[in-house]
Amino acid sequence: MQLIDEFEKSLPDNKQTAILLDGAEIIPEKIGYLLPDYFTFSGFDCDGANVFLAHKSYPSSLFLKAVPRKENGNRRQIGYLPEPPQD
């Protein structure tokens with residue numbers, strides 16, 4: 001999360017962070033995990049549709065991209081929220 005926070009600080013006010021994974025461009029709201037080895041990303045695509053991606057953690061790399069913001073006001077904070085274990 002520190003890398004994403006540092007990237008966000010470098011952006012002008014009219015941009016926000018998008019993450020590119022497995023060919024999907026996601027404007028993230030939550031980053032979490034599913035046990036034992038998947039990261040989860042939920043948010044919106046650049047067209048505003050809700051998206052959810054479960055990505056196997058190894059090997060893993062993120063591509064961060066600045067995209068135009070579609071809303072006025074403060075930039076949304078990207079949060080890391082662990083998902084509760086599933087029974």
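Visitor: What makes strand β1 and strand β2 count as a pair?

Guide: Two strands pair if DSSP finds at least two bridges between them. Strand β1 (residues 15-21) and strand β2 (residues 24-34) have three bridges, in the antiparallel sense, so they pass that test. Strands here are DSSP runs of E, at least two residues long, and helices are runs of H or I, at least four long, all numbered from the N terminus. One of the bridges puts Leu20 opposite Glu25 in β2. This is a predicted model, where local features need pLDDT of at least 70 and side-chain atom pairs count only at pLDDT 80 or more, while totals for chains, interfaces and linings use all residues. Residues are numbered from 1 along each chain as its sequence is written, and side-chain values use heavy atoms, with hydrogens and water left out.

Visitor: And how do you know that β2 pairs with β3?

Guide: Same check: seven bridges join β2 to strand β3 (residues 38-44), and the two run antiparallel. With at least two needed, they pair. Tyr33 has Phe39 in β3 as its bridge partner.

Visitor: How many residues sit between the strands in each hairpin?

Guide: The hairpin of β1 and β2 has two residues between its strands, and Asp22 there takes a positive phi near 50°. For β2 and β3, there are three residues between the strands.

Visitor: Why is one set of residues called a nonpolar core?

Guide: The name is for buried Ala, Val, Leu, Ile, Met, Phe, Trp, Tyr and Cys residues joined through side-chain atoms within 4.5 Å. The largest one here has seven residues: Ile4, Ile19, Leu21, Ile26, Ile31, Phe41 and Leu53. β1 and β2 are the elements that give two or more residues to this core. In soluble globular proteins, nonpolar side chains tend to be buried together.

Visitor: What makes Asp37 and Lys56 a salt bridge?

Guide: You need a side-chain nitrogen of Lys or Arg within 4 Å of a carboxyl oxygen of Asp or Glu. Asp37 and Lys56 come in at 2.8 Å, N to O, so the label fits. The pair links distant parts of the chain, with Asp37 in the loop between β2 and β3 and Lys56 in strand β4 (residues 50-56), 19 residues apart. A search of the whole structure finds one salt bridge.

Visitor: Why is Asp13 called exposed, but Asp37 partly exposed?

Guide: Buried means under 20% relative accessible area, exposed over 50%, and partly exposed in between (1.4 Å probe, protein chains only). Asp13 has 65%, so it is exposed, whereas Asp37 has 22%, so it is partly exposed.
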